[in-house]
Amino acid sequence: QLQASGGGLVQPGGSLTLSCAASGKMFNFMSMSWYRQAPGKQRELVAAVTAGGTTNYADSVKGRFTISKDNVKIMVYLQMNGLKPEDTAVYYCKTANYNGIVSWGQGTQLTVSS
């Protein structure tokens, strides 16, 4: 199971960190990622990190967002800087393990507005 947290209301230009707690063993996870879904839009990949630490970002967040994971706490984080109104969305964490099992968190709302 995944438990995402850390969303809220932030002013443009502000920063926020999302957290996602996963259950199980970190070595079972092939990848951990963050997605987001804005009203009326499809869910999109924001950032992902593989078991080996390789990261991947959507072009819209490159240079502003950083994904990281804690192998001891079994957590994945999304540090977001320079937030823009278009970053407003529900953010979901996702894990994929080597057995092909994909799990989604419940989502946490981020609103960027002045």
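These exercises work through the salt bridges of one predicted model.

The model is predicted, with local features needing pLDDT of at least 70 and side-chain atom pairs pLDDT 80 or more, while totals for chains, interfaces and linings use all residues. Residues are numbered from 1 along each chain as its sequence is written, and side-chain values use heavy atoms, leaving out hydrogens and water.

**Exercise 1.** State how many salt bridges the structure holds.

Solution. Start with the criterion: a side-chain nitrogen of Lys or Arg within 4 Å of a carboxyl oxygen of Asp or Glu. The structure holds four such pairs.

**Exercise 2.** Classify the burial of Glu44 and of its partner Arg36.

Solution. First, the pair: the two side chains meet in a salt bridge at 2.7 Å, N to O. Next, the classes: buried is under 20% relative accessible area, exposed over 50%, partly exposed in between (1.4 Å probe, protein chains only). Glu44 has 36%, so it is partly exposed. Arg36 has 5%, so it is buried.

**Exercise 3.** Locate Arg64 and Asp87 along the chain.

Solution. Their closest N and O atoms are 2.8 Å apart, in a salt bridge. Arg64 lies in the loop between strand E6 (55-57) and strand E7 (65-70). Asp87 lies in the loop between strand E8 (75-80) and strand E9 (89-97). Strands (E, at least two residues) are DSSP runs, numbered from the N terminus. The pair is 23 residues apart and links distant parts of the chain. Arg64 is buried at 13%; Asp87 is buried at 0%. Shared partners join Arg36, Glu44, Arg64 and Asp87 into one network of salt bridges.

**Exercise 4.** Identify the salt-bridge partner of Asp59.

Solution. The partner is Lys62, with the closest N and O atoms 3.1 Å apart. Asp59 has a relative accessible area of 66%, so it is exposed.

Terms used. Helix = DSSP H or I, 4+ residues; strand = E, 2+ residues; numbered from the N terminus.
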